[in-house]
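Here are a few exercises to work through with the structure on your screen. Try each task yourself before you read its solution.

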Amino acid sequence: MSNAIRIHRHALSGHSHRVELLANLAGINHELVDVDLLTGEHKKEPFLKLNPAGKVPALEDGETVVTDSNAILVYLARKYAPDWLPNTPVLEAEVQKFLSLAAGEIANGPAAARLITVFGAELDAERAGFIAKSAFDQLEQHLDGREWLVGDRPTIADVAIYSYTAHAPEGNVSLDAYPNIRALLGRIEALPDFVGMQETKVGLAA
Ligand SMILES: N[C@@H](CCC(=O)N[C@@H](CS)C(=O)NCC(=O)O)C(=O)O
């Protein structure tokens, strides 16, 4: 494992999971390093040297450190898995649009809703539900007649939206009204070497 990249993560973090998911799907040799968010390991040295923002995930690839889940997806795709990030201007721009959706409405919608139910975060559940609906309405409409978010194969766009979308019901955000989204999640889950994120029971802080 000496050439393995190191993914510093927490098992219940969807931002971490998307990195772990790409590494698995693309067959990138990697090692998972658990960071204990409950004891505040992410707010202390030595983790703060890796990511001064004090958040997981963080990636170590030899001397190179990359932080922010979407930045890590781009780095890994460019370096090890070029098929996962198209490089024509239009398709790459499309991918970027979904990375923004993942960092915007998906983080503030379904991910925030799950922070409330699973971790007891003091956030506005109504606002999170409203934003989740906006994100999922956009995805559902975009997926009409499409198998994947961008182009004709899975890309880091699908990976970036997967974790918090699949786990939205843990935040009491239902996917019942979104058959296209559920079909996309199923296609991702059917890919070779797919790895899921640990389920949580609502109301039980992990
Ligand atoms: N924009 C960052 C967000 C990462 C993030 O919010 N990580 C959460 C876990 S899912 C975290 O470390 N939270 C701890 C904290 O903010 O104190 C990314 O995409 O990596």
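## Warm-up: the ligand

A nitrogen atom of the ligand lies 3.0 Å from an N or O atom in the side chain of Asp68, a polar contact (a pair of N or O atoms within 3.5 Å). On its own the ligand has 510 Å² of accessible area, and the protein covers 72% of that (Shrake-Rupley method, 1.4 Å probe). A quick note before you start: this is a predicted model, where local features need pLDDT of at least 70 and side-chain atom pairs count only at pLDDT 80 or more, while totals for chains, interfaces and linings use all residues. Residues are numbered from 1 along each chain as its sequence is written, and side-chain values use heavy atoms, with hydrogens and water left out.

## Exercise 1

Find the residues that surround the ligand, then look at the ligand's distances to His42 and Lys55.

**Solution.**
- Step 1: pick out the surroundings, which are Ser13, His15, His42, Lys43, Lys55, Val56, Pro57, Asp68, Ser69 and Tyr164 (a residue is near if one of its heavy atoms lies within 4 Å).
- Step 2: go to His42, where a side-chain N or O atom is 3.3 Å from an oxygen atom of the ligand.
- Step 3: do likewise for Lys55, whose side chain has an N or O atom 2.9 Å from an oxygen atom of the ligand.

## Exercise 2

Which residues are linked with Arg6 in a network of salt bridges?

**Solution.**
- Step 1: get the rule straight: a salt bridge is a side-chain nitrogen of Lys or Arg within 4 Å of a carboxyl oxygen of Asp or Glu. By this rule the count comes to 11 salt bridges.
- Step 2: start with Arg6 and Glu31, whose side chains meet at 2.9 Å, N to O. Arg6 sits in strand 1 (residues 5–9) and Glu31 in strand 2 (residues 30–34), 25 residues apart (strands are DSSP runs of E, at least two residues; helices are H or I, at least four; both are numbered from the N terminus).
- Step 3: add Glu60, which pairs with Arg6 at 3.3 Å between the closest N and O atoms. Glu60 belongs to strand 3 (residues 58–61), 54 residues from Arg6.
- Step 4: put it together: Arg6, Glu31 and Glu60 form the network.

## Exercise 3

Where in the chain are Arg78 and Glu92, the partners of another salt bridge?

**Solution.**
- Step 1: check the distance, which is 3.0 Å between the closest N and O atoms of Arg78 and Glu92.
- Step 2: place the partners: Arg78 is in helix 3 (residues 69–80) and Glu92 in helix 4 (residues 89–119), 14 residues apart.

Technical notes:
A polar contact is a pair of N or O atoms within 3.5 Å; within protein, one must be able to donate a hydrogen and the other to accept it, and residues adjacent in sequence count only if both atoms are side-chain atoms.
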